[in-house]
Structure formats: C-alpha cells, structure tokens
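User: Please take me through this model by question and answer. I would like each reply to give its reasoning before the result.

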Amino acid sequence: MARITLDPDDVNQDREVTLTDGRVVELSAADGGTLRAIARQLYTHRSSYEAAFAPDDEEVLARLRAGEIALDDVAPLHLRLRDLMRTRRSSGGRSPTTLEPTLLLQRRIWTSASGVSRPLEELTPTHRRNLLGWLERHSDELAERFAEADLPPAQRAAVEPRIPWVLGTPLYQRIEELIHAETTTEQARDEARQVMRQVRFSREGEWPDR
C-alpha cells in the first residue's frame, strides 16, 4: 500500500496528496489503497488536522471548536475523500447483468459477486436489508435478464406478478420472511456489530467483513 505524507494544512484542500517518494497524486486518480491510507492518517492525526483547519466561515470554526460539528463533516479533504471512497465502493458493486437468473428462483442461498455462497438464514439483518435494497434498485435490469434467459415455463411461472418485478421472486420473498422473523436479540447483536465496523473504519479507513 502507498505510503503518504500529508501536511496538516492539506485539510483545507481537496485536490492532491504526496507520497513518501515525492510523487504527487491527484485524489481523483488515487486507487482504493491510497484513499484508505489517507483515511487512516486523517484519523490517527485528527487533532493536527483540526488545529490546521481554516474555513472562510468563522461560524463553522467556532462550532467545530465547540464540538457542535465534526471536522470530517466540513473539511474539504475529508469531504472529498468520503465522496471518492463512496464512489469506489458503489462502482465496485455487483452488476445485475452478472447474476445467474436461477438464483432468483430459490429460497436457500445468496451467492456474492466474489462467488461465495451463504445460506440466507446466516445473513445478518443488515446484510438482508442491503440485499433487498440492491434487488429493488436493479429490478428492471434483473427482469430483463430473466426474460432473456433460457428457462422452462415452470421456472418462469415461479415468479409472481408484482410491481416492481423483483418483489415476485422466491428469493426476495424468502428474505422478507426472514426479516419479519428476526428476533430483537438478533437485531441488537447486529446493531452492535455495525457500530464496531464503523469504529474499525474510523481507525483503519477500510470496512471489515460483515
């Protein structure tokens, strides 16, 4: 992973970083590893960056010093980094065109983009809800891929007529059932797990596995 050098004054800009070998890298062209390294450095030396922050609006600075707002919600470098990392994550997500249509017709497993299959019952509450959101966002693309697939009539009939289309698939309906059946204990454990993931991200600049 690239090693970086960040002057505290860099918190006031959102354009570039300097590697320890002297090379200047444009933030927009930085890879994921460099972005995560920047995030770690900003967290590790956050007091130095907060002291160097110099906004045009004095009210923003006063609120920051009073603890009413966080540096990463107002500093140009933090905001740009957050935006780039969010874009990297979304662009690296799964494309609905790569999904095997028959996966939508079963109620047992989910196979990730990396090829790892897990029983739906073992997914965390957060993962289940994220999966439903992904299916809903890509309902039209999934319906088109399903329509183009070479499937027998019996399999096509397994999808109920719903709007949006994906709500009628056995996969979606099974995940909904599991969400409705979640216990308060399971949800509480998942919430605690998500808090720990956020803490680790703040420290390391990279999301751990679910």
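User: Leaving aside its neighbours within four places in sequence, which residues is aspartate 190 in contact with?

Analyst: This is a predicted model, in which local features need pLDDT of at least 70, side-chain atom pairs count only at pLDDT 80 or more, and totals for chains, interfaces and linings use all residues. Residues are numbered from 1 along each chain as its sequence is written, and side-chain values use heavy atoms, with hydrogens and water left out. Contact means heavy atoms within 4.5 Å. With neighbours within four places set aside, the partners of aspartate 190 are Thr124, Pro125 and Thr126.

User: How many Å is the polar contact between the side chains of aspartate 190 and threonine 126?

Analyst: A polar contact is a pair of N or O atoms within 3.5 Å; within protein, one must be able to donate a hydrogen and the other to accept it, and residues adjacent in sequence count only if both atoms are side-chain atoms. The contact joining the side chains of aspartate 190 and threonine 126 is 2.4 Å.

User: Is aspartate 190 buried or exposed?

Analyst: Buried means under 20% relative accessible area, exposed over 50% and partly exposed in between (1.4 Å probe, protein chains only). Aspartate 190 lies in helix H9, residues 184-204. Because its relative accessibility is 4%, aspartate 190 counts as buried.

User: Which element of the protein has the lowest mean pLDDT?

Analyst: pLDDT is the predictor's confidence in each residue, from 0 to 100. The protein averages 84, and 87% of the residues score at least 70. Helix H8 (residues 170-180) has the highest mean, 96, and the lowest, 73, belongs to H9.

User: Which residue of helix H5 meets glutamate 186 of helix H9 in a salt bridge?

Analyst: A salt bridge is a side-chain nitrogen of Lys or Arg within 4 Å of a carboxyl oxygen of Asp or Glu. Glutamate 186 is partly exposed at 26% relative accessibility, while its partner is buried at 3%. The N to O distance is 3.2 Å. The pair ties together parts 58 residues apart in sequence, because glutamate 186 lies in helix H9 and its partner in helix H5 is arginine 128.

User: Where does aspartate 72, the partner of arginine 82, lie?

Analyst: The closest N and O atoms of the salt bridge between aspartate 72 and arginine 82 are 4.0 Å apart. Arginine 82 is in helix H4, 10 residues from aspartate 72, which is in the loop between helix H3 (58-65) and helix H4 (76-91).

User: How many of the 11 residues of H8 are buried?

Analyst: Among the buried residues of H8 are Leu171, Tyr172, Ile175 and Leu178. Their cover includes strand S4 (109-111) and helix H5 (125-137). One of the buried residues is Arg174, which is linked with Arg107, Glu121 and Glu177 in a network of salt bridges. H8 is mostly covered, its buried count being eight.

User: Which strands stand at the edges of the open sheet?

Analyst: Helices (H or I, at least four residues) and strands (E, at least two) are DSSP runs, numbered from the N terminus, and two strands pair if DSSP finds at least two bridges between them. The open sheet has three strands in the order S1-S2-S3, with antiparallel pairing. Each edge strand has a single partner, so one side of each is left without a neighbour in the sheet; the two are S1 and S3.
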